[in-house]
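This report covers a protein pair with DNA. It begins with one residue and then turns to the contacts between chains.

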2 protein chains.
Amino acid sequence: MATVKDVAREAGVSVGTVSKVLSKDLTVKKALRDRVTKAVEQLGYRPNMSARALRTNKLNILGLVVPDISNPFFAQLAKDIEAEAAKQSHTVMLANSDDDPVVELRQIETLLDQSPRGLIVVGAADQSVPQVTTGVPIISLDRRYGDCRLIAADHGAGSGLVAEHLAGLGHRRIAYISGPQSTEVGRLRKLGFCTQLRKICTGSDAAVLICVEGQFDYDSGEHIAHQLLAVAPDERPTAIAAASDQQAIGALRAARDLGISVPSELSIAGFDNIALAELVEPRLTSVSQRTDEMARLAVRLLLSEHPQATQDTFVETSLCARDSTCKIR
Amino acid sequence: MATVKDVAREAGVSVGTVSKVLSKDLTVKKALRDRVTKAVEQLGYRPNMSARALRTNKLNILGLVVPDISNPFFAQLAKDIEAEAAKQSHTVMLANSDDDPVVELRQIETLLDQSPRGLIVVGAADQSVPQVTTGVPIISLDRRYGDCRLIAADHGAGSGLVAEHLAGLGHRRIAYISGPQSTEVGRLRKLGFCTQLRKICTGSDAAVLICVEGQFDYDSGEHIAHQLLAVAPDERPTAIAAASDQQAIGALRAARDLGISVPSELSIAGFDNIALAELVEPRLTSVSQRTDEMARLAVRLLLSEHPQATQDTFVETSLCARDSTCKIR
DNA sequence: CTGAAAGCGCTTACAG
DNA sequence: CTGAAAGCGCTTACAG
């Protein structure tokens, strides 16, 4: 591999000058600059990042810790982050925390060892207690990590959209399958849903709302929906809102197993608008998070002057009404 | 941050000794070793990876390039790779090629700049022509990159399992939705299917096989299945084998839209056994790739002595028969 | 068995 | 405007 030294020799200048040209220092005269640029190309020179990092203490690297990259939502987030990072000439190191705070901490420490410009952490479900102290900025995305600044969808408002949607379709006996209430997301989505529903359906128009806590996964949704639906038809909820698409898809399956037709007998709505939402039968009504916008914000923030300054940011959500919800008859 | 120097001072030894202890050099006497170890803990010393890399030219990093991390199969692969790499104390840098050879090349170059121990590349669909030359070992996973050693599922044998399965269920009018024949995977899966089917159904028992080429995605499967099924019932295939689960799920949807019941009127099988295969209705018969085994092989190989030596490795697959296929009536 | 010293490839005050 | 030189934090022959 060619080094600055080789380039300097080839161009007939000092290594300092080469370095300056490389860093677009305009105090170097054009004639020299051109000679250096030419030598760089001729030798196929690529700077040694480790050497650069040793001097500057910064590598063009961002670290990303997600609970589970095989979760489609996090995969999408990772994709958008990588794309935005690449745009800004940064590479992404990926780590899975497995939703385990101990693993999470270890992963974060390992990533910090690589001198990244910053870390993006989607916090593990269980509260991660022992925070690292470091000069590297850390922001949390989607799920808060420690007391780091959070960028997330406006979960509460998003859930509110679902409540409005279902209420608007005439549903007044509604079940809400929440996420784990140990998680901030789980709490926010539930709160947003309940608050909005109560706000809309007041007085004599009040809705019957039953909430069941679950995990965010398919199995949990299927299991809980089974319980909710295994009652006399006129006691059954006419609509189920779930805190995640996975849960909602599990609920779809439970309804099918029980011979309950969706949406004519039962409306079901999810949250996250994963790719799958469009592919299940019937297509799932869901709340769309702007993962690209969240990724853009997160990356830009980390590369900006004061990444951790100012407060949390909540990105707007939107409702995608599809075939799994309809007007009550 | 504490450095070797700080540790040396604290332990009352030279930096060379500290370095030796850190690298588990047993020529250092136990007494000194213990003093150093204690100092390391006391100061919370963590080695500067950039400095180490500058000397040794190697970082405990693996690079991974996938066409699209939001593809569930690649996401699973990435997860398994990260897990295996972490086991071996290595971190993973992730990049998406977007299935574009130009982007792929750029991503590979960027990753190589970080002095990784090795690169794992899931090749872009279109042949990537301009290969990089480098001292860093590169192996391709799932889809070949250039002329790098390949680790992949035994696609041909896997498809053969599906052919056997369908033939065994009595199907003799079968459609095969292939992947792009510009890709090695697409070709291998198709070849394996056709060859095995012809081998089993010979002479008067010969099967009618119609092959249609598509992309690996949902839309392609849905679209092609629509065409295949929009004919008189007795001319329709009784079984469709698809080159990917996405295609198969698209085909499921097409069948449903056309009012064709699966599996009683039509058997459908996929390939890859993505998580979703168990979640669609009916549950999808598919071929399972051992992503964990492939990941393990790939990572170990890169960290071994002669990563690029010996030839391609094909990992065994297995058939997961579920509810989307059944005996013909 | 331990330490002193060179050097990996950069960047950055500083001198000229 | 350009160059010489120090130094980032390690590892590794080498000397003792």
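Which residues does Ala153(B) touch, not counting residues up to four places away in sequence? They are Gly158(B), Gln289(B), Met294(B), Phe314(B), Val315(B) and Thr317(B), where two residues are in contact if their C-beta atoms, placed from the backbone, lie within 7 Å. The model is predicted, so local features need pLDDT of at least 70 and side-chain atom pairs count only at pLDDT 80 or more, while totals for chains, interfaces and linings use all residues. Residues are numbered from 1 along each chain as its sequence is written, chains are lettered from A and ligands numbered from 1 in the order in which they are written.

Ala153(B) sits in strand β5 (residues 150-153) of chain B; helices (H or I, at least four residues) and strands (E, at least two) are DSSP runs, numbered from the N terminus. Ala153(B) counts as buried because it has 25 C-beta neighbours inside 10 Å; the cut-off for buried is 20 or more other C-beta atoms within 10 Å, with exposed at 12 or fewer and partly exposed in between. Its C-alpha atom is separated by 14 Å from that of Ile274(B), 121 residues apart along the chain.

**Chain to chain**

The contact between the chains involves 35 residues of chain B and 34 residues of chain A. On the chain B side, α4 (49-56), α5 (72-87), β2 (91-96), α6 (101-113) and α10 (245-257) each supply at least two residues. The largest share, 7 residues, comes from α5(B).

Strand β2 (residues 91-96) of chain A pairs with β2(B) in the antiparallel sense over 3 bridges; pairing requires at least two bridges found by DSSP. Val92(A) has Leu94(B) as its bridge partner.

A turn of 180 degrees with a shift of 0.0 Å along the axis lays chain B on chain A with an RMSD of 0.1 Å. That is the relation of a two-fold axis. Superposition is by least squares on the C-alpha atoms of residues with pLDDT of at least 70 in both copies. Because 97% of the interface residues of chain B are also interface residues in chain A, the copies meet through the same surface.

**DNA strands and residue classes**

Of the 26 residues around DNA strand D, Gly16(A), Val4(B), Gly16(B), Ser19(B) and Asn48(B) come nearest. Near means a C-beta atom, placed from the backbone, within 6 Å. For DNA strand C, also with 26 residues around it, the nearest are Val4(A), Gly16(A), Ser19(A), Ser14(B) and Gly16(B).

| Surface | Nonpolar | Polar | Charged |
|---|---|---|---|
| Side of chain B that touches chain A | 19 residues | 8 residues | 8 residues |
| Near DNA strand D | 11 residues | 10 residues | 5 residues |
| Near DNA strand C | 11 residues | 10 residues | 5 residues |

Here Ala, Val, Leu, Ile, Met, Phe, Trp, Tyr, Cys and Pro count as nonpolar, Asp, Glu, Lys and Arg as charged, and the others, Gly among them, as polar.
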